[in-house]
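Grab a viewer and work through these exercises one at a time. Each task is followed by its solution, step by step.

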Amino acid sequence: MLVRLIIGLAMTVIAIAVSGRRALWIYKLISSGQPANDRTDGLNQRIRAQFVEVFGQRKLLKWSVPGLAHLFTFYAFVILITVYLEAYGALFVPDFAIPLIGTWPVLGFLQDTIAVLALISLGVFSVIRLRNAPERRARESRFYGSHTGGAWLILFMIFNVLWTLFLYRAAASALGYLPYESGAWASIGLGQLMVGIPEPTLEVVESIGLLLHIGVMLVFTVIIAYSKHLHIFTAPINVSAKRFPKALGPLPAMESNGKKIDFEDPGEDDVFGRGKIEDFTWKGMLDFATCTECGRCQSQCPAWNTGKPLSPKILIMDLRDHMNAKAPYMIGGKDMPEEGAIDWAAGLDAHPGHGVPESGFERVRGSGPEQALRPLVGTAEQGGVIDPDVLWACTTCGACVEQCPVDIEHVDHIVDMRRNQVLIESEFPSELGTLFKNLENKGNPWGQNAKERLDWTKKLGFTVNVFDGELAPETEYLFWIGCAGAFDDGAKKTVQATAELLHRAGVTYTVLGPEETCTGDPARRSGNEFLFQMLAQQNVEVLNSVFEGREPGTRKIVTTCPHCLNTLGREYPQLDGHYEVVHHTQLLNKLVREGKLVPVAAPAEDKLAPVTYHDPCYLGRHNEIYEEPRALVGAVATMTEMPRHADRSMCCGAGGAQMWMEERIGQRVNVNRTEEAIATLAGAAPGEAALNARGANSDTPVAGSDGAAAGGTIAVGCPFCKTMLSDGLTQKQGEGVGEGMQVQDVSQMLLAAVKRGDPAAAPATEPAPSDAQS
């Protein structure tokens, strides 16, 4: 007894010293980040997040099989803490039991059951990793770029924890030391197999099992402290420190040293964006340390799925590894080398990397002076940690954030690095120069004159009220047309349809006309925060004057553009602009439910034409508006879902200012999405492997509608999505695919259905006009 007590305590002291030293180092490193003062607000919701996301495993369970396996493994860690209490107690007293609950059969049952379920889960994890081995599937594997060797080591260590648990408990049961007379079914059952072994031998086996069980746990703790599985300890903290409700929708205001930057009079020492790893906040650094390398974000990323170098996972890994490698200069007191002291070419020759071409960190290894001086964003020749092609491939669709089980804020970090590149380095894709010039000089990305903002009203059969300096009391909504609605031919049809539907329903609304200007969304998401502030402040000033005297709840805006919806409703409050903003599908759905708009069913032959709905990223993931557009589509047609839909919807490729940038690497995102829509409408929606194993991840295959030969409609709820998918459809039709199909906004489909009820309506067999090529 004394020998095993000494051995057990000695192992514990050594492990605590080694892992504790590492924990202190990690704490110092993360706390060296810039302040993030809003991460402790709303204590109640942060506590709730612990129960929902950590203990409830909400995000992990979105992927049912691996999610369930992780749930069992997580609760094995939680419940088996009681086994380790018993094990340490057994070092002192052989038949030790936890006070009050230590002999409760239910506890013994929980311990053994969760241990067996964890063993089964290890088998599930092993099969998943073998089936998705990056050595075999390359980029199609979500584990591509991850440290798979470390993952296998962790699985092996969990296995060691479990088999030593049963060895120790079985021997204890055979000796009569186990606190449970019933309940611990597996341990007692295994103990029955040991009956008949001499007692001295059993005592040796029990001591060896006990010390192995404790020793494996202690070695495991040290491994965790030095590996990606640090998330076991950091993930709960990261979840509680996340942005609420999630790191999508509005971008945070730019801060420097924990204070909001005043763009009219910035401080001399203000840092714009993130130009060095130490510019990130402590929450950003905690994000980097928390990444589990699971690859869920990578599997959903539209850039990665179309052959581009951006992987949200590898980007975060690069930032983490660079942070750790630069730590001696950040917290270790090591003097920074002089600028220009490094020959990057020589460093790159000496450190060829580990075979992941997307990994910028691997260009320069070690913690030497070259690591300290390398730029955060830069090409291989510059030794950059994040390649410009990686940074500018992001569409800010938010699929990575939506899927991340530990609430890493990928989009925020990407935009922050873009801000530094634009505002400080003046390094950005050349096409954005034209965008910035048009926004600054003309107030819209197309560079059109403001007087043309009312051209869309000319083909309407009624008068549209234009704001003339005073908002009439009876006016219920300000209709925000947006730049696309005013200047893009396809988007004009959407606002025309919406305007007519509102007119038919008796909804009073006003438009700003020439007074309207771009909300600034493309400027902000491409990193030009200064230009965004200029445009936003101008709009807030106009809108506040429009709604002057109106109480909250009556400052209503409706828009057909999800990007305008997000900026007006969720970002303008940062500039004291507070409005109730709704998407046109939300308002139209409300009017249908109230009976103010009555869609009439299509004739039988038209019902056969299939319809599928594409979720815009800024309507769906960013603002969680999924049901209203589907309800409208369902009111006029029978809808078939694409494999990637709702919160797993594939981006159209226009977000993050990509609408105005060229895609020079890989497949075009809009073409990838269009191919999925065409396959769905054609009645041959591909499965996960056939279409895009990295992005689909559908639990069940999606069947096509009847009458697929009749063509079909891709329904959308965003002007950018409409443009991108229309362009994609045009390209595919030029290749002989997708003939007879069209792209229409939900409002156009609803208007056609409502018009069927008009007394002078056209014959029922006449099809609705299409704008597939718009």
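Two strands count as paired if DSSP finds at least two bridges between them. Helices (H or I, at least four residues) and strands (E, at least two) are DSSP runs, numbered from the N terminus. A quick note before you start: this is a predicted model, where local features need pLDDT of at least 70 and side-chain atom pairs count only at pLDDT 80 or more, while totals for chains, interfaces and linings use all residues. Residues are numbered from 1 along each chain as its sequence is written, and side-chain values use heavy atoms, with hydrogens and water left out.

**Exercise 1. Work out the strand order of the open four-stranded sheet, and find what packs on it.**

Step 1: Read off the order, which is E4-E3-E5-E6, with parallel pairing.

Step 2: Pick out the edges. Strand E4 (509-510) and strand E6 (580-583) each pair on one side only.

Step 3: Zoom in on one pair. Strand E3 (residues 477-480) runs parallel to E4, and two bridges connect them. Here Leu 478 sits opposite Thr 510 of E4.

Step 4: Add the helices, taking contact as heavy atoms within 4.5 Å. Helix H25 (residues 562-571) packs on the sheet and touches E3, strand E5 (556-559) and E6, its direction making about 165° with that of E6. Helix H26 (residues 584-593) also touches E3, E5 and E6, but its direction makes about 80° with that of E6. Those angles run from 0 to 180 degrees between N-to-C directions, with axes as lines fitted to C-alpha atoms, for helices over the stretch in contact.

**Exercise 2. Track down the salt-bridge partners of Glu 663 and Arg 664, and say how far apart in sequence each pair is.**

Step 1: Set the criterion: a side-chain nitrogen of Lys or Arg within 4 Å of a carboxyl oxygen of Asp or Glu. Over the whole structure, the search turns up 47 salt bridges.

Step 2: Glu 663 pairs with Lys 308, with the closest N and O atoms 3.0 Å apart. Glu 663 is in the loop between helix H28 (627-636) and helix H29 (669-681), Lys 308 in the loop between helix H13 (302-305) and helix H14 (312-330), and the two are 355 residues apart.

Step 3: Arg 664 pairs with Glu 431 at 2.7 Å between the closest N and O atoms. Arg 664 is in the loop between H28 and H29 and Glu 431 is in helix H20 (residues 430-442), so this pair ties together parts 233 residues apart in sequence.

Step 4: Check burial (buried is under 20% relative accessible area, exposed over 50%, partly exposed in between; 1.4 Å probe, protein chains only). Glu 663 and Lys 308 are both buried. Arg 664 is exposed at 62%, whereas Glu 431 is buried at 16%.

**Exercise 3. Find the unusual backbone geometry at Pro 245, Leu 100 and Asn 257.**

Step 1: Recall the background: most residues other than glycine have a negative phi, and most peptide bonds are trans.

Step 2: Phe 244 and Pro 245 are joined by a cis peptide bond, with omega about 0°. Pro 245 belongs to the loop between helix H10 (231-240) and strand E1 (255-256).

Step 3: Leu 100 isn't a glycine, yet its phi is positive, about 75°. You'll find Leu 100 in the loop between helix H4 (81-92) and helix H5 (105-131), exposed at 89% relative accessible area.

Step 4: Asn 257 has a positive phi too, near 55°. Asn 257 lies in the loop between E1 and strand E2 (259-260) and is partly exposed at 39%.
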